[in-house]
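Trainee: I'd like a close look at one part of this model, the surroundings of the bound ligand. Could you walk me through them?

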Amino acid sequence: MRALVIDRADRTRAQLCGFLRNRGYEVAVADTGEEGKRLTKEFVPTVAFVAQHLPDMGGDLLIPPLTSQDAGTRVMILAEAVELDKAVHAMKHGAEYYFAKPLDFDHVGMILDGVEALQHSSRENELSRRLDRRKSSRTPTIGESPQIIKVQRLIKLLSQNPTTPVLIMGESGSGKELVARSIHELSLVSGPLVEINCASLSEALLESELFGHEKGAFTDAKVQKKGLFEIAAGGTIFFDELGEMPLTIQAKLLKVLDTHLFRRVGGTTDIRSSARFMAATNRDLPLLVREGKFREDLYYRINVLPIKLPSLRDRGNDILLLADHYVRLLGDSMGRGYMRLAPPVEDMLLAYRWPGNVRELRNVVERALILAGNGPIAPEHLPSEIRGIPSVGKSGGENTRLLPLWQVEEEHIRQVLHATNDNHSRTAAILGISRSTLLAKLKRMAQVP
Ligand SMILES: Nc1ncnc2c1ncn2[C@@H]1O[C@H](COP(=O)(O)OP(=O)(O)OP(=O)(O)O)[C@@H](O)[C@H]1O
Ligand SMILES: [Mg+2]
């Protein structure tokens, strides 16, 4: 392994070179950008640490020559202080990571762990693995709207920077989990994706679930248990419904993100975490921050390159692309021939608001295929609300009240619950949301006086 350090001669450079040599690296140094370029060609480093400001040029100008090498040097930018916009800029242009001085060598070591793990598998291996992953990635994010193209670009960018935290925001059913899985599968990481739903566990359980526990840590702890952070080593730990995470656990999570260390419940030794952080939420995190329900520091720590998934109703023609995709996919699995949707059906799909987003669309297509039998899908195979027959609230007359969205949502949830005799699974299916999302909504509704 060869490391090239391009920075002025200061204490940090000396410390960094010492650290790298101790780790077994062959180290070369350059004081200027020009010298760095020359060494890039001659020395072909595995990894390069490049100062953000060099006497003769900006460090980011060195990213293209370094990364375009056949060896594909991994570039780390060294900054005098954290400047988020500069970090994002550097990473967008191909830098692997961005470190602020003074360097935290535990952190540097962890990032190098990842680089080294990749180097172990040969380049060819890497390529074929990448292709396999692409193939195995079950559904691509379908869509051609500018909003979805932006999402697809971010998926690619984040999969090329496998240590950057990932935050995915979007309404229920808009594809947050699909995006998380795509990023994981496209990243060249060796470990698994481990998912935890923050709404589904109590505070005490959540902690031992995440960090594991030692034997005897509490009454039920009969044996030592590994937590999800350990199980996700070298892979991804995905926090679904992050907005529901209790504040005490948020504090612990922030500590792991900052130090990359954690302890099992009842444990006394630090364990190093090498899992990538991903999270999804359908809540408005900035609002939760203002309300004091979500830690501001944690929010800023994970909000590096956030992905905001557009609602389906804002994706224009993508609605038809997705409908067509499901007609083919589900039609195939039912042994039907493919049939284009009739224009009036398309118009109704385009005009509808899709509160349950893509999941709701999938359910609507599935239902319509069943009702249509072997014939084409016609308007009468669509649910009444899509055909434009109002089901929530009474319209017309003097009593028409204009309600805020949350109230309509709550009323509608109550109606559906009533109609299903309080059956949560059926209610969730009808609403086009996951059962855990429904439970979270009910929990919130119960809190409102
Ligand atoms: N752009 C897309 N292309 C293809 N399929 C999609 C797309 N977006 C979402 N889906 C599909 O829609 C369904 C719902 O997506 P997903 O479970 O990722 O949503 P979610 O945002 O995590 O929902 P929730 O908030 O309820 O957990 C899945 O079957 C997923 O494969
Ligand atoms: Mg989800």
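**Around ligand 1**

Mentor: Happy to. Let's begin with a polar contact: an oxygen atom of ligand 1 sits 2.8 Å from a backbone N or O atom of G173. Please keep in mind that this is a predicted model. A polar backbone atom of S174 also comes into play, at 3.3 Å from an oxygen atom of ligand 1. On the nitrogen side, the partner is a side chain: an N or O atom of Y326 is 3.5 Å from a nitrogen atom of ligand 1. As for cover, ligand 1 has 640 Å² of accessible area on its own, and the protein covers 89% of that.

Now let's widen the view to the shell. There are 19 residues around ligand 1, and those that come nearest are I142, S172, G173, K176 and R359. G173 is thus one of the nearest residues, as well as the one whose backbone makes the 2.8 Å pair. By character, the shell holds eight polar residues, six nonpolar ones and five charged ones.

Which helices supply at least two residues of this shell? They are α8 (176–186), α14 (318–333) and α16 (357–372). With three residues, α8 gives the most.

The domain picture helps to place the ligand. The protein is divided into four parts: domain 1 (2–120), domain 2 (142–308), domain 3 (314–381) and domain 4 (405–447). Ligand 1 lies between domain 2 and domain 3, because both of them give residues to its shell. For a sense of the overall layout, the C-alpha centres of domain 1 and domain 3 are 51 Å apart.

Finally, two other helices are worth a visit while you have the model open. Helix α9 covers residues 203–211, and its buried residues include L206, S208, L210 and F211. Just after α9 comes G212, which takes a positive phi of about 80°. Helix α11 spans residues 247–259 and contains Q250. Is Q250 buried or exposed? Q250 counts as buried, because its relative accessibility is 0%. Leaving aside residues up to four places away in sequence, Q250 touches M245, K293, F294, R295 and L298.

To return to your ligand: the backbone of G173, the backbone of S174 and the side chain of Y326 are good places to start when you rotate the view.

Definitions and conventions:
Residues numbered from 1 in each chain as written. Chains lettered and ligands numbered in written order. Predicted model: local features only at pLDDT ≥ 70, side-chain atom pairs only at ≥ 80, totals over all residues. Heavy atoms only, no water. Helix = DSSP H or I, 4+ residues; strand = E, 2+ residues; numbered from the N terminus. Buried < 20%, exposed > 50% of the residue type's maximum accessible area, 1.4 Å probe, protein only. Contact = heavy atoms within 4.5 Å. Near = heavy atom within 4 Å. Polar contact = N/O pair within 3.5 Å; in protein donor to acceptor, adjacent residues only side chain to side chain. Areas by Shrake-Rupley, 256 points an atom, 1.4 Å probe, with all protein chains shown as cover. Nonpolar A, V, L, I, M, F, W, Y, C, P; charged D, E, K, R; others polar. Domains from an automatic or database assignment.
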